Amino acid sequence: MDYRERIFSQEGASFPGKTYVEAVLEPAFNEAKHHLLKPMMAINKAHLIMLREQELITDGEAKEIARALCGIEMEELRRATYTGQFEDLFFQVESRLLELAPDVAGNLHLARSRNDMGITIYRMVLREKLLVTIASALYLKEQLLLFAQEHAETVMIGYTHTQQAQPTTMAHYMMAATDLLSRDIKRLIQAYQTCNRSPMGAAALTTSGFGISRERMRELLGFDELVENSYDAVCGADYLGEVATAVQLAAIDLGRTVQDMLLWCTQEFGALKVASPYVQISSIMPQKRNPVSFEHMRSLLSSSAGNATTVLTMMHNTPFGDIVDTEDDMQPYAWKSMAVLEQMYRLMACVVGTMDVNKDVLLERAKASFATVTELADTLVRTDRLSFRKSHHIVSRVVKEAMSAELAANQISLELVNRAAVEVIGRELSITEEELRLALDPVHFVMIRKLPGGPNPQEINRMITERRAVLGQESAWVAKKQQAIADGMNRLDQMIAEWSVG
C-alpha cells in the first residue's frame, strides 16, 4: 500500500476526512450550536418575512415555511453531535427544513448566501456579547466611583518610575483608573456601533437580481445601519478587528491597575487588605493571606489580551474576499477574550468594593517621605522670589544632607534649609518655620492642588459627580440597545408563530 492509500484508509476517501473533522469541522459545529443557532434562526425568520412582503413568495408558501421553522427542535440541535452527514450546522438546519416543507423550504435561500448569513450571524453574536461586556465595565466603573468618593481625603504617595514622587490621594489614583476605564468603555461602544451593521442582502458578493429589501432585513434584525457595499459586507472583517483591538487594550489597561493593587497588598507596602472571599490561605504557612483574586485577574487579563491578539493575527494577510470559513476559526477567540474581560470587570468590582485601605500607614508614609519637597521648592519661589531652578538646587541639597543624616522629610529643620541656601545663593531665606512645616505637610500639598484634575478633595468630588452623570447615560444606552434587540427577536418569533397557524 503506497502512502496515499494509507492516508485514504485512515481518513476515508470522501468528504469529510477524519482529521479535518477533528481539527476543523467538529469544533466549529460545537461552537455553532451553542453560539450561532439562535441568530441563524432569527435570520431565517426575518428573511421569510421580507420575502413575503416583497412578494417574492406566496402567502401559502410563507405559511408553510413558517410552520417548518416552528417545527425545528432547538434543544435537539444543541444536543446534536457532529456526524459528518452535513458539512456544518447551516446545512443540517436547511436539511431539516426541507424535510418539514419539502416543496417550498428551498425558497428560503432565495437571494441570500452563507456568506452574508454567516457574517450577519457573527455580528449578531458579537453585539450581544459586547453589550454584556460593556454592562460589566459600567458596574466596575460604578464601584470605582464609590471607592473614590470614600477615599477623597485618603492621602498617599504617588509614584513615577516606581519611585516616590508626590503626595496625592487614593481617590485621585482611582479616578485616573476610572477615566482609563471610561475610555475603554467608549472604545467598546464604538466597536459595537461598527459591529451593529447589517450585511444581509449582499448574498455571495454582489447582491441579487431579485427585488429583496436590504433595509427591511436591517430593521427586522435590529441593526442600526447597513454595510452598504456588498463586497465590503462579506469581505471586510475590520468590525471584528475593532472589537478585538478594543478588548485587547481594555484588558491591558485593567491589568496595569491590578498590578498596582497586588503590590499594595504586600506587607511591605501595607496599603490594602483584600476581603476574605477573595483570598486563600497557604497549605503550609498559617500566616499567609494570599490575594489570589488579583493574581488570577492579572494572568487572566493577559489571556484576554492574548486571545484578542490571536484574532488580529489570524486576520493578517487574509485575502480581501469572503472569509466566512476563516471567521469560523477567529470568532471563538474573540468570544473567549470578551468573556474573560467581562468576568474580570465583575471580579475587580467585587474585590475593590470590599477591600480595606490602611489610611494611617499611607498618611504616615507620606509625611516621612521626601515626596513633599516639590512643594518646598515651590514655596521658596513664593517667599523669596527665587527662580524655580535655584529653589530646586537648594531643596536638592537639603534632601541630600537630610538623607545623609538619616532624617525623614518631616524632620527637616529651618537651619538645614538656610545652610543649603547660603551654599547655593549666598544668603539665608525669608521662609518661616511655620511656612516650612506647611510646605512639608502632604495634606497641605494635596489641598492646594485644586486645578482641574488635581487631587484636592473638592476637585475630586466634582469629577466624581460628572463621571456619575456620564455613567447614567452609558447605562441607559446599554439598556436601550439590549431591549431593542430583545424586542426585535420577540417580534420575529411572534410573527412567524402567527403565520404558522394561519
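A residue is called exposed here when its relative accessible area is over 50%, buried when that value is under 20%, and partly exposed in between. By that cut-off T465, with a relative accessible area of 54%, is exposed. Keep these terms at hand for the tour that follows, and bear in mind throughout that the model is a predicted one.

**The whole chain**

Begin with the whole protein in cartoon view, where 20 helices and six strands can be picked out. Turn the model along its principal axes, and the C-alpha trace spans about 105 × 60 × 40 Å. The radius of gyration is 31 Å, whereas a compact globule of 502 residues would have one near 23 Å. Among contacts with a separation of 6 or more, 76% join residues that stand 24 or more positions apart.

Switch next to a surface view, for which the accessible area comes to about 24,200 Å², with 52% of it belonging to carbon and sulfur atoms. Of the 502 residues, 49% are buried. If you then colour by charge, you will find 52 positive and 65 negative side chains, and the centres of these two sets lie 5 Å apart.

**Salt bridges**

Side chains of opposite charge can pair when their charged atoms come close. The structure holds 30 salt bridges, and a few of them make useful stops.

Select E87 and R114, whose side chains form a salt bridge with an N to O distance of 3.7 Å. This pair links distant parts of the chain, since E87 sits in the loop between α5 (74-79) and α6 (89-100), while R114 belongs to helix α7 (residues 114-150), 27 residues apart. Both partners are partly exposed, E87 having a relative accessible area of 29% and R114 having a relative accessibility of 25%.

Move on to R197 and E225, where the side chains meet in a salt bridge at 3.9 Å, N to O. Which parts of the chain does the pair of R197 and E225 tie together? R197 lies in strand β3 (residues 197-198) and E225 in strand β4 (residues 225-226), so the bridge ties together parts that are 28 residues apart in sequence. R197 is partly exposed at a relative accessible area of 23%, and E225 is likewise partly exposed, at 43%.

The next stop is R346, which forms a salt bridge with E342, the closest N and O atoms being 2.5 Å apart. Here both residues lie within helix α13 (residues 324-354), four residues apart, which is about one turn of the helix. Is E342 buried or exposed? With a relative accessibility of 11%, E342 counts as buried, because residues under 20% fall in that class; its partner R346, at 38%, is partly exposed. After this pair, select D179, E459, R462, E466 and R467 together, which are joined into one network by salt bridges that share partners.

**Three threonines**

Now select T379 in helix α15 (residues 373-384). T379 is buried, with a relative accessible area of 9%. Once its neighbours within four places in sequence are left aside, T379 is in contact with I431 and A439.

From there, go to T432, which lies in the loop between α17 (414-425) and α18 (433-439). At 38% relative accessibility, T432 counts as partly exposed. A distance drawn from its C-alpha to that of L414 will read 7.6 Å, for a pair that is 18 residues apart in sequence.

Return then to T465, the exposed residue named at the start, and show helix α20 (residues 457-500), in which T465 lies. How far apart are T465 and L145 in sequence and in space? The two are 320 residues apart in sequence, and their C-alpha atoms are 9.0 Å apart in space.

**A last selection**

Finish with H392, placed in helix α16 (residues 388-404). H392 counts as partly exposed, at 36% relative accessibility. Add E219 to the selection and draw the line from C-alpha to C-alpha, which covers 65 Å in space for two residues 173 apart in sequence.

Key: Residues are numbered from 1 along each chain as its sequence is written. This is a predicted model: local features need pLDDT of at least 70, side-chain atom pairs count only at pLDDT 80 or more; totals for chains, interfaces and linings use all residues. Side-chain values use heavy atoms; hydrogens and water are left out. Helices (H or I, at least four residues) and strands (E, at least two) are DSSP runs, numbered from the N terminus. The radius of gyration is taken over C-alpha atoms; the globule rule is 2.2 Å times the number of residues to the power 0.38. Buried means under 20% relative accessible area, exposed over 50%, partly exposed in between (1.4 Å probe, protein chains only). Contact means heavy atoms within 4.5 Å. Accessible areas come from the Shrake-Rupley method with a 1.4 Å probe; for residues, only the protein chains shown count as cover. Lys and Arg count as positive and Asp and Glu as negative; His and the chain ends are not counted. The place of a charge is taken as NZ of Lys, CZ of Arg, CG of Asp or CD of Glu. A salt bridge is a side-chain nitrogen of Lys or Arg within 4 Å of a carboxyl oxygen of Asp or Glu.
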